Amino acid sequence: MKYMMFVVTSLEPDTQPDESDVDLWVDPLDASGKRVIGEVLAPQADSTVVKVRGGKVLTSRGPYVETAEVICGFDILEVADLDEAIEIASRHPMARNGQLELRPFMVWPDAGA
């Protein structure tokens with residue numbers, strides 16, 4: 001199963017923050033093939049929102065909602081199941097310093113056709 005793991009900041013990190021090098025989490029997962037890709041995202045202020053209304057493409061720069069918690073990165077995991085994804089996410093430094101959201105990729109009924 002593939003999971004998108006959003007790396008999210010938090011207003012309430014653990015009382016004992018994780019100061020470990022994220023590469024200690026990344027390197028073994030990359031070597032095992034369980035981490036397909038991961039990147040840090042540019043600041044939310046650099047985002048562009050795109051929508052179509054009345055046949056016109058409308059864009060706006062910067063964040064479109066005010067929030068204290070922002071997605072600051074992502075990883076795509078290829079794992080056996082949700083339990084394995086949770087175990088992997090629990091070892092990421094941001095599990096203590098922020099939070100991680102695991103979202104499965106949609107499995108389409110006709111994917112095998």
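This is a short tour of a predicted model, with a suggestion at each stop for what to select.

**Stop one: the sheet.** Start by showing the strands. You will find an open sheet of 4 strands, arranged in the order β2-β5-β1-β6 and paired in the antiparallel sense. Now colour β2 (35–40) and β6 (99–104): these are the edge strands, and each of them pairs on one side only. On average, neighbouring strands in this sheet are turned by 15° against each other, direction ignored.

**Stop two: a pair of strands.** Next, select β1 (2–8) together with β5 (71–78). The two run antiparallel and are joined over 7 bridges. Show the side chain of Phe6 here, and look across to Phe74 in β5, which stands opposite.

**Stop three: the helices.** Bring in α1 (23–32). This helix packs on the sheet, where it touches β1, β2 and β5, and its direction makes about 150° with that of β2. Then add α2 (82–90). α2 packs on the sheet too, touching β1, β5 and β6, and its direction makes about 160° with that of β6.

**Stop four: the core.** Which residues make up the largest nonpolar core? Select Tyr3, Met5, Val7, Trp25, Val26, Leu29, Leu77, Val79, Ala85, Ile88, Ala89 and Met94, 12 residues in total. The elements you have just visited turn up again: β1, α1 and α2 each supply at least two residues of this core.

**Last stop: Val79.** Finish by centring the view on Val79, a member of that core. What is Val79 in contact with, leaving aside its neighbours within four places in sequence? The contacts are Met1, Tyr3, Glu84, Ala85 and Ile88.

Key
Residues are numbered from 1 along each chain as its sequence is written. This is a predicted model: local features need pLDDT of at least 70, side-chain atom pairs count only at pLDDT 80 or more; totals for chains, interfaces and linings use all residues. Side-chain values use heavy atoms; hydrogens and water are left out. A nonpolar core is a set of buried Ala, Val, Leu, Ile, Met, Phe, Trp, Tyr and Cys residues joined through side-chain atoms within 4.5 Å. Buried means under 20% relative accessible area, exposed over 50%, partly exposed in between (1.4 Å probe, protein chains only). Contact means heavy atoms within 4.5 Å. Two strands pair if DSSP finds at least two bridges between them. Axes are lines fitted to C-alpha atoms, for helices over the stretch in contact, and angles run from 0 to 180 degrees between N-to-C directions.
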